[in-house]
Amino acid sequence: MVRIFGREPALWLALVASAVKLVAAFGLDLSVDQQAVLNAAAAAVVGVVVAFVARDALFAPVLGAIQAVVALAVGFGLNWSSDQQAIVMTAATALVAMFTRTQAIAPVSASAAPAPSTTEADVYGG
């Protein structure tokens, strides 16, 4: 089981959700939507941490975290259109892909991989 500072990720998320509700109840004027976006952003960040600790693929969790941060910013007043958000996510995807590509390791060496078939039947489908 993956742990963050000795605790399960779900426990950390429950703590964040409780803290958001507590702060909203006693002072900070947060809408229900803003509270939801804060919790979603926290979940995305915890997902990245869990993927990193578990040595799992980071591509999807990192993009999810970026998307959550963009949603968080929009939820708190950033005035970006859907097109602007899509452009930022496209750029983030390209950036993360550039990094991920350099980290990928083939599970089988090139010499152990079977040679591609180039028979006439394969080329012409017959």
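This report walks through a predicted model of an all-helical protein, from its overall fold to a few individual residues.

## The overall picture

The protein contains five helices and zero strands. Following the chain from one end to the other, you meet the pattern α-α-α-α-α. Of the 126 residues in the protein, 17% are buried. The accessible surface comes to about 9200 Å², and carbon and sulfur atoms account for 66% of it. Looking at contacts between residues at least 6 apart in sequence, 50% of them join residues at least 24 apart.

## Helices α2 and α3

Let us turn to two of the helices. Helix α2 covers residues 32-53, and α3 covers residues 59-75. Does each helix have the end-to-end length that its residue count calls for, or what does the comparison show? The table sets this out, with the expected span taken at 1.5 Å a residue.

| Helix | Number of residues | Expected span | Distance between end C-alpha atoms |
|---|---|---|---|
| α2 | 22 residues | 32 Å | 32 Å |
| α3 | 17 residues | 24 Å | 24 Å |

For α2 the two values agree, and for α3 they agree as well.Which residues of α2 are buried? They are Gln34, Gln35, Val37, Ala41, Ala42, Ala44, Val46 and Ala51. The cover over these buried residues includes α1 (9-25) and α3 (59-75). In α3, the buried residues are Pro61, Leu63, Ala65, Ala68 and Val70. After α3 comes Gly77, which has a positive phi, near 110 degrees.

## Gln34, a buried residue in α2

Gln34 is found in helix α2. Is Gln34 buried or exposed? Its relative accessibility is 15%, and buried means under 20%, so Gln34 counts as buried. Setting aside neighbours within four places in sequence, Gln34 is in contact with Asp29, Gly75 and Phe76. One of these, Gly75, falls at the end of the range 59-75 given for α3.

## Two valines and a surface patch

Val74 has its place in helix α3. With a relative accessibility of 28%, Val74 lies between the 20% limit for buried and the 50% limit for exposed, so it counts as partly exposed. How far apart are Val74 and Val37? They are 37 residues apart in sequence, while their C-alpha atoms are 9.3 Å apart in space. Val37 belongs to the buried residues of α2.

Val53 is also a residue of helix α2. Its relative accessibility is 42%, which again lies between the limits of 20% and 50%, so Val53 counts as partly exposed. Val53 joins Val45, Val49 and Phe52 in a nonpolar patch on the surface. Together, these four residues have about 330 Å² of accessible area.

## One aromatic pair

How many aromatic pairs does the protein have? The count comes to one. The pair is formed by Phe5 and Trp12, with 6.3 Å from centre to centre and 75 degrees between the planes. An angle over 60 degrees counts as edge-to-face, so this pair is edge-to-face.

The partners can also be described by their accessibility. Phe5 has a relative accessible area of 77%, and since exposed means over 50%, Phe5 is exposed. Trp12, at 28% relative accessibility, counts as partly exposed.

Note on methods: Residues numbered from 1 in each chain as written. Predicted model: local features only at pLDDT ≥ 70, side-chain atom pairs only at ≥ 80, totals over all residues. Heavy atoms only, no water. Helix = DSSP H or I, 4+ residues; strand = E, 2+ residues; numbered from the N terminus. Buried < 20%, exposed > 50% of the residue type's maximum accessible area, 1.4 Å probe, protein only. Contact = heavy atoms within 4.5 Å. Areas by Shrake-Rupley, 256 points an atom, 1.4 Å probe, with all protein chains shown as cover. Phe/Tyr/Trp six-rings, centres within 6.5 Å; stacked < 30°, edge-to-face > 60°. Expected span 1.5 Å × (residues − 1). Patch = residues over 30% accessible without salt bridge, like charges linked within 9 Å, V, L, I, M, F, W, Y side chains within 5 Å. Salt bridge = Lys/Arg side-chain N within 4 Å of Asp/Glu carboxyl O.
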